[in-house]
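Colleague: Could you take me on a close look at one helix, and then show me what the packing is like elsewhere? I am new to this, so please go step by step.

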Amino acid sequence: MVHGTASRGPRWGLVIAVVLLVATPVIASARLRAALWDTPRAHLTSQPGQAQREVESLQEFLSQMRGTNSVACEFAMVTIDHNNWFGGSDGFDTPLLDDNRPLVPRGLETDAVVEPLMTALRDADYCVRRSAASLLGRARNARATERLKSTLDDAQPEIRALAAFALGSAQEQSAGPKLQQLLRDATPAVRAAAAWSLGELEYRPAIGALADLLQHDQSARVRRAAARSLGQIAS
Amino acid sequence: MQAYFAALSGAAPIAAELAIKGALWLVAIFMLTSVMRGASAAARHLVWSLGVLGLFALPLLSTRVPWRIAVPLAVAPNAPRAQQDDNTSGAPPAIKIDAAQQAAEANAPAHTALGGAPSVSDQLPSAPSRLPTLLFIVWSTGVAVLLVRLARSIVSVNRIIAKAEPCADESLAAQVYTLAKRIGLKHPVELLEAGNITIPFTAGITRPVIVLPNVIREWSAEKQEAVLLHELAHIARHDLWTSLAAHVACAVHWFNPLVWVAARRLRIEGERACDDAVLRFGTRASDYADQLLQVVRDTKIKWAPAVAVAMARKSAFEGRLLAILSPETNRGRLTIKIATPVALGVSLIALTIAAMRPGAAVAQENPSSTSAQDSMTAQDTLKGAATSPVRDVQDTAPRGAVIRSLVSALKDSDEGVRLAAVEAISSRTERSVVLDLVAILDDPAVPVRRAVAQALSQMPDPRAIAALLQALRTDTDAEVRGLAAEALGHIDDASAAPGLMAALRQERVAGVRRKIVWALGELETPTAAGALTEALRDDDAEVRGFAIWGLGNIHAKSSAAQIIPLLRDPNSEVRSKAAWALGEMKIVDALDELMAALNDRDADVRQQIVNALSSMEDQRAVPALVRAIGDDNIDVRREAVNALGGIEGLQRAPRELVAVLSDADAQVRESALQALAHIKDPSTASAVIPLTRTGQPLSVRGAAIEALTEIGGSQVETVLLELMKDPDPKIRRLAAQGLGKDG
């Protein structure tokens with residue numbers, strides 16, 4: 001009166017074994033998707049924007065981002081643009097994201113938020129730095145642009161890279177020559193960020209330098225960014 | 001794979017959350033079963049089964065449940081909590097980590113897939129923690145070991161079954177047959193005999209089998225009956241399914257001791273429920289207990305694979321005997337009255353647990369994370385979509401140098417660079433380098449091959465045909481094959497047809513077959529008719545749909561006989577396409593079938609049929625079209641009215657068409673007027689006249705005036721003269737035109 005799990009027929013056992021082995025990564029990836037689905041939302045559901053003043057709203061937003069791990073942070077960055085892979089633009093509704101409510105702090109165009117954002121750019125928390133760079137990129141604010149351009153000379157490589165990234169996101173044309181210089185930076189991450197941003201700017205004078213990087217740079221990441229940007233700067 | 005590990009850092013908190021939810025869930029199930037002491041074993045077994053299945057459903061539910069219950073103390077993505085978990089759960093680890101950096105160092109291709117983003121991590125001093133990756137490896141090793149063990153035991157059971165012979169004892173077979181009927185089994189049970197086992201067992205997920213030891217013939221009839229009833233009860237209760245699910249759950253959640261206990265309880269309750277079934281059929285409890293004891297005593301269990309045995313455990317066996325002998329035991333079978341509240345309760349627990357989310361406040365910890373990041377990819381993708389205006393700035397490099405560097409990057413050692421180069425070339429539509437792209441259609445990296453196939457779709461070039469066909473035949477990645485087929489469709493060169501047809505015959509993946517059939521239709525070559533006709537019988541509805549579309553495109557009238565039956569296809573899209581194709585090819589022979597299919601339950605299909613009937617331009621279709629005027633769906637009505645107007649040589653307007661003049665929908669009325677204008681039946685004039693008057697929308701009045709002019713008759717002039725006094729200048733103009741034509 002024992003019962004075993006098996007089925008009739010030749011080698012069915014092997015077939016089931018193979019199916020089970022294949023199913024494991026599928027189950028694991030379902031968990032992964034669950035993770036990516038959840039995390040950014042978890043951080044963005046309590047809406048910023050209740051605060052009366054721009055700076056408060058900004059701080060509230062940044063404090064929500066604090067502590068978010070790197071991957072989730074990236075997805076959160078997409079979520080705030082209403083353009084992630086499960087929400088908004090690709091036809092699915094995200095129940096918790098309401099298009100009428102601002103997910104990003106208000107008043108990014110005002111000068112008051114520039115200094116707090118520049119401070120946040122040097123925060124100890126990665127996601128805060130990352131969000132600050134994104135928000136500075138969105139701000140498209142003359143004062144922010146000036147501050148970022150002078151930050152391109154910063155002693156810390158990460159800050160240079162974040163500033164380059166922010167200027168690229170803002171598609172700030174005047175940063176072109178400076179970014180082109182950064183293509184010769186000693187740090188690969190800075191070169192990659194500069195190459196990426198030059199693509200965003202569609203900065204034609206840098207084409208030759210980018211082609212050169214693509215062929216000769218030691219870092220694969222720099223070469224990737226160069227290839228991508230060359231595709232963006234349509235001939 | 002690196003991308004997988006990179007994403008692990010994002011998955012970690014949720015993996016831990018799911019592990020904890022799984023534990024919570026099982027605790028809830030434990031509590032539920034403990035309050036069900038008085039219930040039957042079958043009812044408790046149901047709860048345990050749902051408990052095991054719930055472990056699989058929870059991750060899905062957690063993402064779908066639209067509401068949330070914030071649990072401030074629950075999982076948050078930070079280190080201290082995760083370290084506690086490590087003792088209890090070996091789940092995909094839950095520590096804030098720097099896997100992203102590891103992945104970056106290993107040049108994770110996925111990041112380029114998102115756009116080749118810059119990273120700021122290269123120079124950061126923080127040492128990457130390998131712990132999460134390690135934990136993940138430990139977890140997946142555990143899963144693999146357990147699954148292999150499960151597979152091995154399945155194989156060993158199969159081996160016994162393969163060696164076993166059909167039971168020769170006819171009286172035994174007859175007994176099984178009657179017992180199976182009594183217990184309510186609908187499907188036959190195969191009876192086998194094996195010499196190398198000492199206890200009977202049941203096996204077979206798809207086809208149930210009972211394997212009996214040879215010695216069973218020496219047993220008494222009562223003992224035989226009890227044993228057989230017990231095994232049949234297993235089959236009737238689908239215990240093999242739940243037991244398999246339990247084994248898989250144990251393998252996946254092996255780090256959770258509760259799962260093992262749950263699986264054991266599930267097994268025990270399953271055995272008890274079967275015992276209850278035996279006793280319900282009238283075996284005396286003391287006799288049955290005695291027989292059970294004998295079986296155990298006689299049996300030195302030599303063979304005990306992982307997938308078997310509840311009775312080998314002494315403690316469980318004692319409990320089982322007590323349950324059999326106790327007169328107070330509830331031996332009820334599982335009825336809807338019991339199952340419904342149980343299922344509802346369990347679902348409620350599942351939803352509650354699924355809705356639990358870590359509270360937002362918890363994420364505030366971990367202020368000094370120096371985790372390195374690959375990144376900005378997300379932002380990057382977005383910006384990729386929004387291109388800024390092209391400016392007129394002097395190039396510093398000749399176009400040729402750029403292309404040369406991109407082409408040489410196609411041979412880069414880093415797959416991310418190759419991928420970015422392919423994408424760059426394709427976004428610049430550099431047709432001069434198509435052959436360089438074709439050359440890496442056999443790149444070792446799947447993302448690169450996909451990008452190349454996609455690029456070749458965007459830059460269709462006949463020189464790529466041979467390589468694409470090769471990829472379609474031999475690539476291991478289904479998406480690459482699908483994209484290759486798509487590219488061949490875009491290249492649209494009939495010389496690819498034979499290769500596509502050969503690939504269609506051997507293709508196993510429905511998604512790829514769809515693309516192949518679509519491409520064949522796109523080629524619009526008569527040579528494809530045979531293969532497309534064959535594809536009409538494909539299992540996949542979309543493949544059938546594309547095949548019909550392709551046949552309609554090439555006007556393959558010879559395939560009409562195969563298309564007509566598809567008017568009854570289970571898939572409405574297929575039915576609708578079949579109607580379209582028959583109309584497109586003007587298959588007049590299909591008239592009867594089309595009219596018969598007009599009772600389709602799908603309005604789109606009916607509309608398409610009316611359309612097809614109308615393109616036949618055959619008077620025999622009139623009765624069916626007239627019937628369609630009364631359709632519930634406004635589009636079908638409108639289409640039918642239009643169709644009637646399009647049929648040549650109709651002398652008298654059908655009464656139903658005239659009746660449509662009072663339809664609530666103005667557009668339908670307008671269509672009807674246009675149809676009547678076409679038919680020119682003088683008897684309809686009196687019905688048309690009221691529609692020229694004020695009160696009708698302007699478009700309807702205009703159509704009515706035009707129809708009246710076409711129909712003619714004695715009253716027309718009077719009506720038109722009257723309308724010349726209308727306040728609306730447009731009406732006056734139409735009336736004047738009508739009078740002019742009349743005169």
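Modeller: Here is a walk along one helix, followed by a residue in another helix and then the cores. Please keep in mind that this is a predicted model.

Let's begin with helix α16 of chain B, which runs over residues 415–427. Its 13 residues should span 18 Å at 1.5 Å a residue, and because its end C-alpha atoms are 18 Å apart, the two values agree. How many of its residues are buried? The count is 12 of 13, so a residue here usually has 20 or more other C-beta atoms within 10 Å of its own. Among the buried ones are E415(B), R418(B) and E423(B), along with V417(B), L419(B) and I425(B). After the helix comes T429(B), with a positive phi near 40°.

Now let's move to L594(B), which sits in helix α27 of chain B, residues 591–596. Why does L594(B) count as buried? Because it has 24 C-beta neighbours inside 10 Å. Beyond four places in sequence, its contacts are L567(B), A579(B), L582(B), I609(B), A612(B) and L613(B). Q608(B) is 14 residues from L594(B) in sequence, with 9.9 Å between their C-alpha atoms.

Finally, the cores. In soluble globular proteins, nonpolar side chains tend to be buried together. The largest nonpolar core here has 180 residues, and V688(B) is one of those with the most contacts inside it. Helix α9 of chain A, residues 188–201, gives this core its largest share, 9 residues. A second, separate core has 76 residues, including L240(B) and Y288(B).

Notes
Residues are numbered from 1 along each chain as its sequence is written. Chains are lettered from A and ligands numbered from 1 in the order in which they are written. This is a predicted model: local features need pLDDT of at least 70, side-chain atom pairs count only at pLDDT 80 or more; totals for chains, interfaces and linings use all residues. Helices (H or I, at least four residues) and strands (E, at least two) are DSSP runs, numbered from the N terminus. Two residues are in contact if their C-beta atoms, placed from the backbone, lie within 7 Å. A nonpolar core is a set of buried Ala, Val, Leu, Ile, Met, Phe, Trp, Tyr and Cys residues joined through C-beta atoms within 7 Å. The expected span of a helix is 1.5 Å times one less than its number of residues.
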